[in-house]
Amino acid sequence: MEIPHFMPINNEMSPEFITRTTCRICGATDLIPYLDLGTMPLANAIRDPNDMTPEFRAPLAVLFCPHCALSQLSVVVPPERMFSYYVYRSEISQTWCAHCVACVDEAVVEAGLKESDLVVDIGSNDGTLLSAFHQRGFRTVGVDPARNLSESASRKGSDVLCEFWSAKAAEHLVAAHGKPALITATNVLAHVDDLDDFFSGVGIALGDNGVFVVEVPYMGDLVEKSEFDTIYHEHLSYFLVAPLLTLAARHGFQASYARRIPIHGGGLRLYFRKGVAQEPVQSVRALLAFEQDAGLHLIRPYERFARQVKSIQHDLAETLRHLKTRGRRMAAYGASAKGATLLNSIGANSDLIEYIVDDTPEKQGKTAPGTGIPIVPASYLASHRPDDLVILAWNFVDEILDKTTKFSQAGGRYIVPVPALRYIE
Ligand code: TMP
Ligand code: ZN
């Protein structure tokens, strides 16, 4: 098993992505590359087992902006390719559903929502977050380009505007539904190349007293816990508080509250309101101080992170190969996007990992990107019992352990690969 080597970016090989050489927050051109994961397939591009066409691949490398401390990918794959048909369903995870209910409780208080208010969710996926607002009596509209998910969101009580969010989409939204009191955007900002157009849209849609809530995976957690598998082509940007404030201020937004959240390995939640620049509030100051203290405005922690990633990849590849030679049967749980980065980065295939369990109906019967490993329903764990189960969706480890007690009671062992390889007997 070989760990892929550095592949130079060469647009002549594949014209289907663009290289991005300027920082999407501050425009700087002297970006510093620090992590190269080689060429990778798209993390959610599951395939039909009979599909023999060449698989789309693009370079996966991260650059650091020494001016605003944003990390971003070196390439942008056209969003239509990744998001027009989307196989990730938020509703599959109970942990996420509980997170949404708690998020609504907090946002209702923070934004001072009244019952008839309109709530808009950008990147609404299958409508899971909006349904928690809907159940509290708010009018809810989702905006999402994935045509296959809008029906699920409608069933949960929300209208859906099937578009990528932009200034233009904001005008369509306001014309059709009026101005929202609250806009949420969870796990979508990292997907967006033109962040200025995105924020312009929020400015157009929100009333003067409106609130914009953003959740993003936090680069502070990613680096600290070596969560390198969160890096894939959908995630164009890796945010700290500092660059987000710069971006928001440019569009007339100030953060009124910010905090870290535990979901997906560690994220940030920020509340933005329209207003002129002023001293950051205490919660924001605390996070900025944390970032300064951790040196996250400098390249050094990222170089350390990159070395750690190589070491994790090496250890995991060696361990799994060793277990295989000892005759142990291995499967994985969670055909997640991060699982695609992880498995491809160690050159795994179906000889090593026999199958991946996933509860998402759209994924079952398909094969995982790059590795060709079959994706199957959870019933396989009993009918094709492995010795070891690699938890690829390690962000939901407790929920997965709860769902697979029969496997562990029968002597099965779990392997959790990130942040550091550990076994759960
Ligand atoms: P994520 O780590 O990107 O959120 O993806 C998690 C994947 O794991 C997604 O494909 C759904 C799957 N999953 C299950 O199949 N069953 C579960 O109980 C949980 C929590 C996740
Ligand atoms: Zn920058």
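## The zinc site

Cys 65 is buried, with a relative accessible area of 1%, and Cys 23 is likewise buried, at 2%; buried here stands for under 20% relative accessible area, calculated with a 1.4 Å probe on protein chains only. The model is predicted, and local features are reported at pLDDT of at least 70, side-chain atom pairs only at pLDDT 80 or more, whereas totals for chains, interfaces and linings use all residues. Residues are numbered from 1 along each chain as its sequence is written, chains are lettered from A and ligands numbered from 1 in the order in which they are written, and side-chain values use heavy atoms, with hydrogens and water left out.

The SG atoms of Cys 23, Cys 26, Cys 65 and Cys 68 are the protein donors of the zinc ion (ligand 2), lying 2.3 Å from it; donors are N, O and S atoms within 2.8 Å of the metal (3.2 Å for Na, K and Ca), and because water is not among the atoms, sites may look incomplete. Along the chain these donors follow the spacing C-x2-C-x38-C-x2-C. Cys 23 lies in the loop between strand E1 (18-19) and strand E2 (32-41), and Cys 65 in the loop between strand E3 (57-64) and strand E4 (71-73), so the pair ties together parts that are 42 residues apart in sequence. The arrangement is tetrahedral because the four donor atoms subtend angles of 98 to 119° around the zinc ion, the criterion being that all angles lie between 85 and 135 degrees.

## Helix H2

Helices (H or I, at least four residues) and strands (E, at least two) are DSSP runs, numbered from the N terminus. The 18 residues of helix H2 (residues 94-111) should span 26 Å at 1.5 Å a residue, and the end C-alpha atoms are 25 Å apart, which agrees; the expected span is 1.5 Å times one less than the number of residues. H2 is followed by Gly 112, whose phi is positive, near 60°.

Among the buried residues of H2 are Trp 96, His 99, Cys 103 and Glu 106. The buried residues of H2 pack against helix H3 (128-134) and strands E9 (182-186), E10 (211-217), E12 (253-261) and E13 (267-274), contact being heavy atoms within 4.5 Å.

## Strand E17

Both faces of strand E17 (residues 388-391) are covered, with Asp 388 and Val 390 buried on one side and Leu 389 and Ile 391 buried on the other. Strand E14 (residues 330-333) runs parallel to E17 and is joined to it by four bridges, with Ala 332 opposite Val 390. E17 also pairs with strand E18 (residues 413-416) in the parallel sense over three bridges, where Val 390 stands opposite Ile 415; two strands pair if DSSP finds at least two bridges between them.

Technical notes. Four donors count as tetrahedral if all angles lie between 85 and 135 degrees; four count as square planar and six as octahedral if opposite donors are over 155 degrees apart and all others between 65 and 115; anything else is irregular. Buried means under 20% relative accessible area, exposed over 50%, partly exposed in between (1.4 Å probe, protein chains only).
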